[in-house]
Each structure stands twice: as C-alpha cells, then as structure tokens.
Amino acid sequence: MKITGKIIKANFDEKKVFGWASVAADENGAIVDSDGDIIKIDELETAAYGFVVHSRTGGEMHEKTGIGVLIESMVFTPEKIAALNLPENSLPLGWWVGFQIFDEAVWQKIKSGEYSMFSIGGEATREAVSNE
C-alpha cells in the first residue's frame with residue numbers, strides 16, 4: 001500500500017518540511033489514493049501511532065532510509081477536530097506530519113520541487129468495498 005500527500009510548508013533555513021502524509025477523507029467523503037485504495041481514519045490513526053512509536057525515520061522513495069526524522073505528527077479525527085473547537089469539515093480527516101531532513105541531496109530535491117509530496121508505505125489486507 002502506498003499513500004501520498006502534498007507538502008504544504010517548508011522551512012528552508014532549518015530543513016524542515018510539513019504537510020499531509022495521508023488524507024482519509026475530506027468534506028466530500030473518503031479519498032481514493034493513486035493505487036485505488038481507501039484507508040479508514042481509524043486504521044490510519046493506528047498506523048500513524050505505530051510509526052511514531054516504532055520508527056520516526058524518514059526515507060527516500062521507499063528505498064533509502066535515514067534521510068530525516070519525524071518532528072511533528074497529528075492524526076485529525078472527527079473527535080479531535082471537535083475537541084479543538086474547530087468547525088466540522090474545517091480540516092480533512094488525515095495525518096499531518098513534519099520532518100527534519102538531514103540528507104542534503106534529498107533536501108535539494110524538496111527545495112527544487114522535485115519532491116513535492118510525502119509518501120507512506122505499509123502492508124495492508126485488501127477488502128472489497130461496495131459502491132452502494
């Protein structure tokens with residue numbers, strides 16, 4: 001399974017980059033990723049917590065690891081959005097992240113726009129979804 005999310009903000013002086021690692025749903029409903037997969041927000045939340053506990057290490061193109069480290073993470077669920085006193089549908093349901101990048105070559109690709117998205121990988125069991 002591979003899911004991508006757009007980089008929203010970068011601090012060029014400090015080599016920090018922020019954005020949506022994955023969006024499960026927006027105001028229009030569930031998001032279908034580039035592989036045709038849908039991830040439920042509760043499953044994304046579980047996966048995000050596992051990453052924070054067990055890894056926190058950024059990689060490049062699902063091959064090279066150790067290019068950076070997670071410095072910010074929050075999974076926005078309906079309950080958290082309500083707890084923050086934000087209007088319903090004011091944010092997507094998804095995982096927001098920030099990474100400190102240590103690898104200079106990767107940082108240059110981020111700065112140039114060659115790398116403009118985060119991509120999370122993992123293992124999943126596919127289940128058929130009804131279109132009803």
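In this predicted model, helix 3 is followed by Gly 113, whose phi is positive, near 95°. The helix that precedes this glycine spans residues 104-112, and within helix 3 the residues Val 106, Trp 107 and Ile 110 are buried. Viewed down the axis of helix 3, the buried residues fall within an arc of 100°, and they therefore line one face of the helix. At the opposite end from Gly 113, where helix 3 starts, a side-chain oxygen of Asp 103 comes to within 3.0 Å of the backbone nitrogen of Ala 105.

Positive phi values also occur outside glycine in this model, as Lys 15 and His 62 show. As background, most residues other than glycine have a negative phi. Lys 15, which is not a glycine, has a positive phi of about 55°, and this lysine is placed in the loop between strand 1 (2-11) and strand 2 (16-26). Because its relative accessibility is 26%, and the partly exposed class runs from 20% to 50%, Lys 15 counts as partly exposed. For His 62, phi is near 60°, again a positive value in a residue other than glycine, and the loop that holds His 62 joins strand 4 (57-60) and strand 5 (64-76). With a relative accessible area of 48%, His 62 is likewise partly exposed.

Strand 5, which comes after the loop of His 62, contains Val 69. The relative accessible area of Val 69 is 27%, so this valine is partly exposed. Setting aside residues up to four places away in sequence, Val 69 touches Arg 56, Gly 58, Gly 98, Phe 99, Gln 100 and Phe 102. Val 69 can also be placed relative to Lys 16, from which it is separated by 53 residues in sequence, while the distance in space, C-alpha to C-alpha, is 9.7 Å.

The second largest pocket brings other parts of the chain into view, with a volume of about 280 Å³. Its lining is made up of 17 residues, and of these Ala 25, Asp 26, Pro 78, Asn 89 and Leu 93 lie nearest the centre of the pocket. Strand 2, strand 3 (29-30) and helix 2 (78-83) each contribute at least two residues to this lining. In terms of chemical character, the residues lining the second largest pocket divide into 12 nonpolar, 2 polar and 3 charged.

Conventions. Residues numbered from 1 in each chain as written. Predicted model: local features only at pLDDT ≥ 70, side-chain atom pairs only at ≥ 80, totals over all residues. Heavy atoms only, no water. Buried < 20%, exposed > 50% of the residue type's maximum accessible area, 1.4 Å probe, protein only. Helix = DSSP H or I, 4+ residues; strand = E, 2+ residues; numbered from the N terminus. Arc of directions from axis to C-beta. Polar contact = N/O pair within 3.5 Å; in protein donor to acceptor, adjacent residues only side chain to side chain. 1 Å grid on protein atoms, 1.4 Å probe; cavity = no way out; pocket = protein on both sides within 12 Å on 5 of 7 lines; lining within 4 Å. Points joined across faces, edges and corners; volume = space filled by probe spheres on them. Nonpolar A, V, L, I, M, F, W, Y, C, P; charged D, E, K, R; others polar. Contact = heavy atoms within 4.5 Å.
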